[in-house]
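Here is a short, friendly walk through a protein model. Have the sequence and the 3D view at hand as you read.

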Amino acid sequence: DPRDDVYAIGMIWYQLLVRDPVARPPAGDTWAAEFRRYGLTDGQARLIMACLAEVPADRPGDGQALADLIAANMTAAAIGAVAASGSPSKGSKIVA
């Protein structure tokens with residue numbers, strides 16, 4: 001099932017974030033608050049948790065679906081950053 005691969009990607013993503021290659025999946029959603037100061041957005045935290053959903057049907061369907069969600073999340077984060085700053089940073093690209 002491709003959703004098992006999505007789970008594995010989410011687990012690696014989380015382990016990289018916490019800098020612990022043997023970290024277990026987080027319980028709940030309070031773990032993300034610790035990483036807000038490093039730039040983790042709510043959308044990124046929700047996406048990690050979607051990948052790590054216990055029920056496979058609750059995960060993105062496959063790698064392409066996950067890639068699409070990541071791209072949408074990055075676009076939303078870029079638009080939010082521009083809105084917060086008032087102008088795009090030098091060299092930034094916003095795709096809508």
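Gln-15 sits in helix H1. In this predicted model, Gln-15 has a relative accessibility of 16% and therefore counts as buried, the cut-off being under 20%. What does Gln-15 touch once its neighbours within four places in sequence are left aside? Its contacts are Asp-20, Pro-21, Val-22 and Ala-23.

One of those partners, Ala-23, is also on the list for another residue: leaving aside neighbours within four places in sequence, Met-11 is in contact with Ala-23, Arg-24, Pro-25 and Leu-52. Met-11, Ala-23 and Leu-52 are among the members of the largest nonpolar core. That core has 10 residues, and the others are Tyr-14, Trp-31, Ala-32, Phe-35, Leu-40, Ala-45 and Ile-48. Helices H1 and H2 each supply at least two residues of this core.

Arg-19 is a good place to pause. This residue is found in the loop between H1 and H2. Its phi is near 60 degrees, a positive value in a residue other than glycine. Is Arg-19 buried or exposed? Its relative accessibility is 78%, so Arg-19 counts as exposed, the cut-off being over 50%.

**How the helices are arranged**

Stepping back, the protein has 3 helices and 0 strands, and along the sequence it reads as α-α-α. Of the 96 residues in the protein, 25% are buried. Among contacts with a separation of 6 or more, 44% are between residues 24 or more positions apart.

Two packed helices are described by the angle between their axes and the distance between the axes. Here, helix H1 (residues 2-18) packs with helix H2 (residues 42-51) at an angle of about 135 degrees, and their axes are 7 Å apart. Why are H1 and H2 called oblique to each other? Roughly antiparallel applies to angles over 145 degrees and roughly perpendicular to 65 to 115 degrees, so the pair, at about 135 degrees, counts as oblique. The crossing of H1 and H2 is left-handed.

On the H1 side, the contact is made by Val-6, Tyr-7, Gly-10, Trp-13, Tyr-14 and Leu-17, while H2 brings Gln-44, Leu-47, Ile-48 and Cys-51. By type, the residues of this contact divide into 8 nonpolar, 2 polar and no charged.

Gln-44, from the H2 side of that contact, lies in helix H2. With a relative accessibility of 17%, Gln-44 counts as buried, because the cut-off is under 20%. Not counting residues up to four places away in sequence, Gln-44 touches Trp-13, Gly-39, Asn-73 and Met-74.

**Reaching across the sequence**

Next comes Leu-66, a residue of helix H3 (residues 63-85). With a relative accessible area of 3%, Leu-66 is buried. Which residues does Leu-66 touch, not counting those up to four places away in sequence? They are Val-6, Ile-9, Leu-47, Cys-51 and Pro-60. Val-6, Leu-47 and Cys-51 are also among the residues that make the contact between H1 and H2.

Arg-3 is placed in helix H1. Its relative accessibility is 25%, so Arg-3 counts as partly exposed. Not counting residues up to four places away in sequence, Arg-3 touches Pro-56, Ala-57, Arg-59, Pro-60 and Gly-61. Pro-60 is thus listed for Arg-3 and for Leu-66.

The table sets out two pairs that include Leu-66.

| Pair | Apart in sequence | C-alpha to C-alpha |
|---|---|---|
| Arg-3 and Leu-66 | 63 residues | 9.7 Å |
| Leu-66 and Val-6 | 60 residues | 7.3 Å |

Taken together, the buried residues described here include Gln-15 of H1, Gln-44 of H2 and Leu-66 of H3. Arg-19, in the loop between H1 and H2, counts as exposed.

Terms used: Residues numbered from 1 in each chain as written. Predicted model: local features only at pLDDT ≥ 70, side-chain atom pairs only at ≥ 80, totals over all residues. Heavy atoms only, no water. Axes fitted to C-alpha atoms, helices over the stretch in contact; angles between N-to-C directions. Helix = DSSP H or I, 4+ residues; strand = E, 2+ residues; numbered from the N terminus. Parallel < 35°, antiparallel > 145°, perpendicular 65-115°, else oblique. Left-handed = near helix turned anticlockwise from the far one by under 90°. Contact = heavy atoms within 4.5 Å. Nonpolar A, V, L, I, M, F, W, Y, C, P; charged D, E, K, R; others polar. Core = buried A, V, L, I, M, F, W, Y, C linked by side-chain atoms within 4.5 Å. Buried < 20%, exposed > 50% of the residue type's maximum accessible area, 1.4 Å probe, protein only.
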